[in-house]
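The following exercises are meant to be worked through with the sequence and the model side by side. Each one sets a task and then gives a solution in steps.

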There are 4 protein chains.
Amino acid sequence: MSKRLVLPALTRFVSATAGRNMTTAAYVAVAAGVAMMTLLTVAPAHDAAPRWVDALLWACLAYFVFEWLVRLRHMGRQGKFWFYALSSAGVVDAIGALAVPVALLSGVEPKTAWLLGVLWVLKVVPGIPGLRQLRRVLVVESGPLLSVLVIFLMVVFLASVAEYFLERDVQPQTFGSVPAALWWAVVTLTTTGYGDVVPITPLGRVVAAMVMISGLGVFGLWTGILATGFAAETRRDNFLRTWETVSKVPFFAHLGPAAIADVTQMLRTMDLPPRTMIIRKDTNGDCMYFVAAGEVEVDLPGRKVKLGEGEFFGEMALLGNAKRGASVSTSKVTRLLVLDLVDFRLLMARHPDLAETIDAEAKRRERENQ
Amino acid sequence: MSKRLVLPALTRFVSATAGRNMTTAAYVAVAAGVAMMTLLTVAPAHDAAPRWVDALLWACLAYFVFEWLVRLRHMGRQGKFWFYALSSAGVVDAIGALAVPVALLSGVEPKTAWLLGVLWVLKVVPGIPGLRQLRRVLVVESGPLLSVLVIFLMVVFLASVAEYFLERDVQPQTFGSVPAALWWAVVTLTTTGYGDVVPITPLGRVVAAMVMISGLGVFGLWTGILATGFAAETRRDNFLRTWETVSKVPFFAHLGPAAIADVTQMLRTMDLPPRTMIIRKDTNGDCMYFVAAGEVEVDLPGRKVKLGEGEFFGEMALLGNAKRGASVSTSKVTRLLVLDLVDFRLLMARHPDLAETIDAEAKRRERENQ
Amino acid sequence: MSKRLVLPALTRFVSATAGRNMTTAAYVAVAAGVAMMTLLTVAPAHDAAPRWVDALLWACLAYFVFEWLVRLRHMGRQGKFWFYALSSAGVVDAIGALAVPVALLSGVEPKTAWLLGVLWVLKVVPGIPGLRQLRRVLVVESGPLLSVLVIFLMVVFLASVAEYFLERDVQPQTFGSVPAALWWAVVTLTTTGYGDVVPITPLGRVVAAMVMISGLGVFGLWTGILATGFAAETRRDNFLRTWETVSKVPFFAHLGPAAIADVTQMLRTMDLPPRTMIIRKDTNGDCMYFVAAGEVEVDLPGRKVKLGEGEFFGEMALLGNAKRGASVSTSKVTRLLVLDLVDFRLLMARHPDLAETIDAEAKRRERENQ
Amino acid sequence: MSKRLVLPALTRFVSATAGRNMTTAAYVAVAAGVAMMTLLTVAPAHDAAPRWVDALLWACLAYFVFEWLVRLRHMGRQGKFWFYALSSAGVVDAIGALAVPVALLSGVEPKTAWLLGVLWVLKVVPGIPGLRQLRRVLVVESGPLLSVLVIFLMVVFLASVAEYFLERDVQPQTFGSVPAALWWAVVTLTTTGYGDVVPITPLGRVVAAMVMISGLGVFGLWTGILATGFAAETRRDNFLRTWETVSKVPFFAHLGPAAIADVTQMLRTMDLPPRTMIIRKDTNGDCMYFVAAGEVEVDLPGRKVKLGEGEFFGEMALLGNAKRGASVSTSKVTRLLVLDLVDFRLLMARHPDLAETIDAEAKRRERENQ
């Protein structure tokens, strides 16, 4: 009976969120499912698991099957059935929905079949925030990273054959074949060092020492490559984010990408501690400011106005009104983007359409202030 | 009797330093307390600890309780009672003062109760110099770092289920459940490699090798992200420090933050070995110098004047007096900030109020030289 | 009989590819050879290996011998016999061809002789894509890296003598001599930590803790050096690659290296998401674009033209035709190189021969467009 | 008798090299001494070492004593006796000369006394090339590095008390006291992981997992800090080296440091592959080149002149002779420093004394060419 009530509600809920990647409900289901799957293996080998563990597992599975079916229907209605079904998200959803049932139906022992529930964690992947950035670093630096991997494998092979030759007579149990020595080489070169297989002949130890030092080198190269790639990616990301800030500002809304890129490169960032005076009233202004992060306080007669991220001030100085009309100071640690009069003029010379935007903006602002 | 003498003195001492974060006395108390707590556990299980260990522990505890109470009183008088009591420093002080007594009073065995004394090390945190910088790196890079952590956890989960499946029949003792396999996965992926749990089936070892290599990758990403964040933080820090140097120079005292930022960006740093001639007498000067670090020696007629950090020289060249009046050379490894005449003129054009500052400074200097 | 047919075909095939470093066939042979060599050691000690393993090993060896001989002949005909024979590639080929036969002929046990087949992996080295870059980093940073290695060795020596002194009486088996302690020190300083040799005296553990922390430091220095070197190498590589893009553009074909370097430094990169408008028809143009990566779509009347890597657009704006003739937008994630009119003019002023190139190009383009 | 011949020769030899840090002889003596000291410990505990080992050890010791005495005399004659005796090099020499004899005379067992010979490796320190650079990185970054160390120690303390509490009842042998748990914590946090002490309770393993992940974080921070510091140091070093190249060029010999700094910043580096044409004869020249590394070939009529590191060409273009007189191409991978005519003019405007230098140089060159 409860199922008759739950099913339509669930369908409606999943339907409503079918467009999004992951809902809180899905996160909860993944966490619960994987936790139950883990619990299932803790129970003594031939005992049945507690009823509630089983019940929760079936509930999670049901949720994922429903989610998948509802998404398929939802996408089908939008004519994107195959696009979704074959996309990586669709494939992950399909695996999450089908892996366990298929295993159960093929006669795999239930405890083993439920292990496939671990694949549900793959559903989390699209929700990881910085993943795209990481993937781009891995793609951009794939050449050097692959080189290091090949060097890694070559050291592993050469070292394991050498150790096999040196240790096989003394330790036939652990160094009795090249694959066994390969296991030792990987454990050593990654500096994991389980200690289950250890060379004991003097020459074998010299080879092992060289492998360990190579391990440091491989580690260093790997990290160096990733650090370099990550720094470049961060720089590019920052540029794009500054750009986004710029393009959100009404002032620059009608500019083309090239002009925005120009503006982005002309802006200079300024990190200020809290309670620092930025503009003093009645001084001569020569630049305008955008708040990239933090908050500033404009000290208008009779009231204080707070300006947050994305807002700007001091633009009157660029529109002919040289005297600053109000003091402005930071109220938090603030990052400002500063556009100097000089750069602003240069920008206008390069992009004549900007002049009109500015005139319009100047008039709108003046009307507002009155 | 000694207590009657010690208490008021202690109160006075702590009172006097209540505003500061940490005193040498507090450091000594933390070190002594933690050392005694450690010693306490070395003694045979059911023996009483030596009297002096106990005495020192009680003394440290008393110090921390006093410190907390005195600070509460001190802050209460300034009307900041709750501000302090609920600040992180206040909470750490409260924990340091109360954790052990509360445990003792709730009937916990003394030896176990004193273990809470390890929380005293938290009092050291505000005194760590570069901590703020580190924290900002962690905050700024939290997105990518969290992504790597999620990837880390996913690899751990997938690998441990795979190993559980592959090894459970051969090693039911160590791979008998997914949590046991999770332990192995964390130990392996961090390349710690205790060796208490080691896969022995060929397929299990292949999976383990892949986990180890992933461990290198996770390590590399993590380090790369932190290195990038740290580099950016250092750059920002340097800018702020240069700025501070600039704003301390009387020459620029009356400039607004924007002008100071301008100056900061126009300055170029110059690292010089000791005993290098910077200015030769009677040559034409075209720039002025600020000593950012180190020391220079001005070779005035009849005497040598040493200029240290924050001082400046060669400014006469910017004030119309083109011929250098004295030779200047470094006496230590010195970092100079150089301001070229060209940039200086540009600066003046942008900030007309600077001209007056300069005229005033020129006159003051000339009077002084006469 | 089959040999009579195979040999000439093989000779022809190897001949045809003698100039190249590695063929797919060679990669297959290396992989098969090393795999078989590994399999050979898995068989029980005194049993003969399966016939097909032996056969494949001999086939691989035969391939490498043939390859070497054919290359020698091929190079001999071009008068480069000794150049090749003594080059690193030639030496690796010779080792691959001769090591196993020489070992077999000198009476080494076959199973051991075939182990030398692992040297075949060295043939892969020239084919690794980023290896040159890695090698240059190692060469450029060899000074600091060697310093770290010397520091590493000094810590290893000092620590192992200290541990020998502290542990020799308690653990004569494992710390009974300085070489044994050296083994411990290397295993510890690289943070491998097998656990086969572990200090147990309190002082010994303090020394060991310091060695481990030094290990972190050595690791950090090593990585820091490599990361720095790699970043510099990447920057240089990027410059050279941008340059290459520039020199491939017909527009700049006749420029000298200095002018190309100028162009390279004047270009600014712009990363754009897909479906972004770059040029709007009938607006005023002030810059031209080169497609460094990705693809753009020119919206000509009646048709859409796609421009890929290395192609350029918007150059009419630099040749006097200020109004943009067509809209251009990205169709993929695209990296553009932007050359501003200002920089372009500067470039022309510096390199008068560029003016003629431009006039010629302008006329060619206009003829083409009509 | 042989001693009578050897001593004076040795004295003369050491005398001659007393000013230098390390001679090849000293390196050999250090290597031989440390190797013999190591060998000494390999011999069975109560056996005497072979005579030649003993003899070599005494010879090395004699060398170091002589070296020290001769240096003391040499420095004494120059009036720098105490300066040397108390310098770090002097103290290391004194320790090398006195440690073993003093130990032997105080009745320490010979085998143990000779262990102090390991201190001879300290004599190698001043000879390590990049050590100064490494030390400066460590000094500059000491603040953040210390912070990380303090964090490291805090994690170690908190984790070991937690593990002691959680594991002491289950494993009284290995987790029976906080110092024992500290050993575990250091071994784990550095990811060494001997495996001699391993938590077995579920909660203990959760704490251990967090310690391992913190270990990755500490590692990453450490490396990030060192990488950042190293990058900055390399940049500064490069600037100083470019500067040195510039100041060695006769052209700039008479410039002051400020002008040289200007030149250094105006120069742009250009990395060229071999056999690239740099200057084409009879084209218009607009810049001059300095060879920073590699080699170029000037194609003069009838002969080819090779120019190596530190030499320059194309300077005629800066001295009024606009047409290039000869083609120049690279013969190796070459790094050039390029000075553009524009920058050169700017430089002359800023430093009028440069004009005279140039005129003199122009005349000298023209005389030479005729």
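**Exercise 1. Work out whether chains A and B meet through the same or different surfaces.**

Solution. Begin with the overlap: only 17% of the interface residues of chain B are also interface residues in chain A, so the copies meet through different surfaces. Here two residues are in contact if their C-beta atoms, placed from the backbone, lie within 7 Å. Next, count the partners, which are 42 residues from chain B and 44 residues from chain A. On the side of chain B that touches chain A, the elements giving two or more residues are helix 8 (142-167), helix 9 (178-189), helix 10 (202-248) and helix 11 (257-266) of chain B, and helix 10 of chain B gives the most, with 17 residues. Helices (H or I, at least four residues) and strands (E, at least two) are DSSP runs, numbered from the N terminus. Finally, sort that side of chain B by class, which yields 26 nonpolar, 13 polar and three charged residues; Ala, Val, Leu, Ile, Met, Phe, Trp, Tyr, Cys and Pro count as nonpolar, Asp, Glu, Lys and Arg as charged, and the others, Gly among them, as polar.

The model is a predicted one, in which local features need pLDDT of at least 70 and side-chain atom pairs count only at pLDDT 80 or more, while totals for chains, interfaces and linings use all residues. Residues are numbered from 1 along each chain as its sequence is written, and chains are lettered from A and ligands numbered from 1 in the order in which they are written.

**Exercise 2. Find the rotation that relates chain B to chain A.**

Solution. A turn of 90 degrees, with a shift of 0.1 Å along the axis, lays chain B on chain A with an RMSD of 0.2 Å. The two copies are thus related as by a four-fold rotation axis. The superposition is by least squares on the C-alpha atoms of residues with pLDDT of at least 70 in both. For chain D on chain B, the rotation is likewise 90 degrees with 0.1 Å of shift along its axis, and the RMSD is 0.2 Å.

**Exercise 3. Describe the contact between chains D and B.**

Solution. In this contact, 43 residues of chain D meet 44 residues of chain B. Helix 10 (202-248) of chain D is among the elements that give two or more residues to the side of chain D that touches chain B, and helix 10 of chain D supplies the largest share, 17 residues. By class, this side of chain D has 26 nonpolar, 13 polar and four charged residues. Only 16% of the interface residues of chain D are also interface residues in chain B, so these copies, too, meet through different surfaces.

**Exercise 4. Check the length of helix 2 of chain B and find what covers its buried residues.**

Solution. Helix 2 (residues 24-42) of chain B has 19 residues, which at 1.5 Å a residue should span 27 Å, and its end C-alpha atoms are 27 Å apart, which agrees; the expected span is 1.5 Å times one less than the number of residues. Its buried residues include B:A26, B:V30, B:G33 and B:M37, where a residue is buried if 20 or more other C-beta atoms lie within 10 Å of its own, exposed if 12 or fewer, and partly exposed in between, with C-beta atoms placed from the backbone. The cover over the buried residues of helix 2 of chain B includes helix 3 (51-77) and helix 6 (110-115) of chain B, together with helix 8 (142-167) and helix 9 (178-189) of chain D.

**Exercise 5. Decide whether B:T191 and C:R275 are buried or exposed.**

Solution. B:T191 lies in the loop between helix 9 and helix 10 of chain B, where its phi is near 55 degrees, a positive value in a residue other than glycine. B:T191 counts as buried, with 29 C-beta neighbours inside 10 Å. C:R275 is found in the loop between strand 1 (268-272) and strand 2 (277-279) of chain C, and its phi, near 60 degrees, is also positive in a residue other than glycine. C:R275 is exposed, with 10 other C-beta atoms within 10 Å.

**Exercise 6. State where confidence is lowest and highest in chain A.**

Solution. The mean pLDDT (the predictor's confidence in each residue, from 0 to 100) of chain A is 79, and 73% of its residues reach 70 or more. Confidence in chain A is lowest in helix 1 (residues 2-16), at a mean of 61, and highest in helix 9 (residues 178-189), at 92. Where pLDDT is low, the predicted coordinates should not be read in detail.
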